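Hi,

Here is the structure I promised to pass on. Have a look at it first, and then read on for what turned up in it.

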Amino acid sequence: MSRMRDEHGPDPKVLCLPTADPCLGHLPDIEDLEHFFRLEIEHCFRIYVDLDPGARIDVERRTLADRAEAEAEIGPARRRARSSTPTG
């Protein structure tokens with residue numbers, strides 16, 4: 001997960017890999033990726049914010065969080081999404 005913040009507050013981005021991916025599916029956590037690949041991911045999120053010049057987005061210094069932190073973020077995000085979805 002990349003920890004980001006925009007003008008509305010925390011805006012984390014969760015990275016996912018398909019479990020059937022023959023190249024990366026065997027990696028259980030971000031720390032299992034090669035260091036250079038993690039740097040590439042961090043760089044991607046840093047330049048991602050340049051694509052929206054009007055946005056005020058801050059990528060925190062240590063951008064990548066581990067799987068446990070990402071999973072802890074996903075649960076509340078799902079609950080928020082369910083509660084904001086109109087029924088009927």
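Below are my notes, starting with the overall fold and moving on to particular residues.

Please keep in mind that this is a predicted model. The chain has two helices and three strands, and along the sequence they come in the order β-β-α-β-α. Of its 88 residues, 19% count as buried. If you take the contacts between residues at least 6 apart in sequence, 56% of them join residues at least 24 apart.

**The nonpolar core**

Which residues make up the largest nonpolar core? There are eight of them: M4, L27, I30, L33, I41, F45, V49 and L64. This fits a familiar tendency, as nonpolar side chains in soluble globular proteins tend to be buried together. L33 is a handy one to click on: leaving aside neighbours within four places in sequence, L33 touches L24, L27, R38 and I41.

**Two buried residues to look at**

S2 sits in strand β1, which covers residues 2-6. With a relative accessibility of 0%, S2 counts as buried. Beyond its neighbours within four places in sequence, S2 is in contact with D11, P12, K13, F45, T63 and L64. Among these contacts of S2 is F45, which also belongs to the largest nonpolar core.

R38 belongs to helix α1, residues 35-48. How far from R38 is the nearest side chain of opposite charge? That side chain is E31, and it lies 4.3 Å away. A salt bridge needs the nitrogen and the carboxyl oxygen within 4 Å, so this pair does not qualify. R38 is therefore buried without a salt bridge. Apart from neighbours within four places in sequence, R38 is in contact with I30, E31, L33 and L64.

**Salt bridges**

The whole structure holds four salt bridges, and here are some of them. As background, side chains of opposite charge can pair when their charged atoms come close.

- D11 pairs with K13, with the closest N and O atoms 2.9 Å apart. D11 is partly exposed, at 24% relative accessible area.
- R67 pairs with E71 at 3.0 Å, N to O. Both are partly exposed, R67 at 44% and E71 at 46%.
- E73 pairs with R80 at 3.9 Å, N to O. Again both partners are partly exposed, E73 at 23% and R80 at 47%.

Why might R67 and E71 be well placed to meet? They are four residues apart in helix α2, and so about one helical turn separates them. More generally, an α-helix has 3.6 residues a turn, so residues three or four places apart point the same way.

**Helix α2**

Helix α2 takes in residues 67-84. Its 18 residues should span 26 Å at 1.5 Å a residue, and the end C-alpha atoms are indeed 26 Å apart, so the two values agree. The N-terminal end of α2 is capped by D66, which has a side-chain oxygen 3.3 Å from the backbone nitrogen of A68.

If you only have a few minutes with the viewer, I would start with R38 and E31, the 4.3 Å pair, and then go to the cap that D66 makes on α2.

Happy to go through any of this with you.

Best wishes

Technical notes
Residues are numbered from 1 along each chain as its sequence is written. This is a predicted model: local features need pLDDT of at least 70, side-chain atom pairs count only at pLDDT 80 or more; totals for chains, interfaces and linings use all residues. Side-chain values use heavy atoms; hydrogens and water are left out. Buried means under 20% relative accessible area, exposed over 50%, partly exposed in between (1.4 Å probe, protein chains only). Contact means heavy atoms within 4.5 Å. Lys and Arg count as positive and Asp and Glu as negative; His and the chain ends are not counted. A nonpolar core is a set of buried Ala, Val, Leu, Ile, Met, Phe, Trp, Tyr and Cys residues joined through side-chain atoms within 4.5 Å. The expected span of a helix is 1.5 Å times one less than its number of residues. A polar contact is a pair of N or O atoms within 3.5 Å; within protein, one must be able to donate a hydrogen and the other to accept it, and residues adjacent in sequence count only if both atoms are side-chain atoms.
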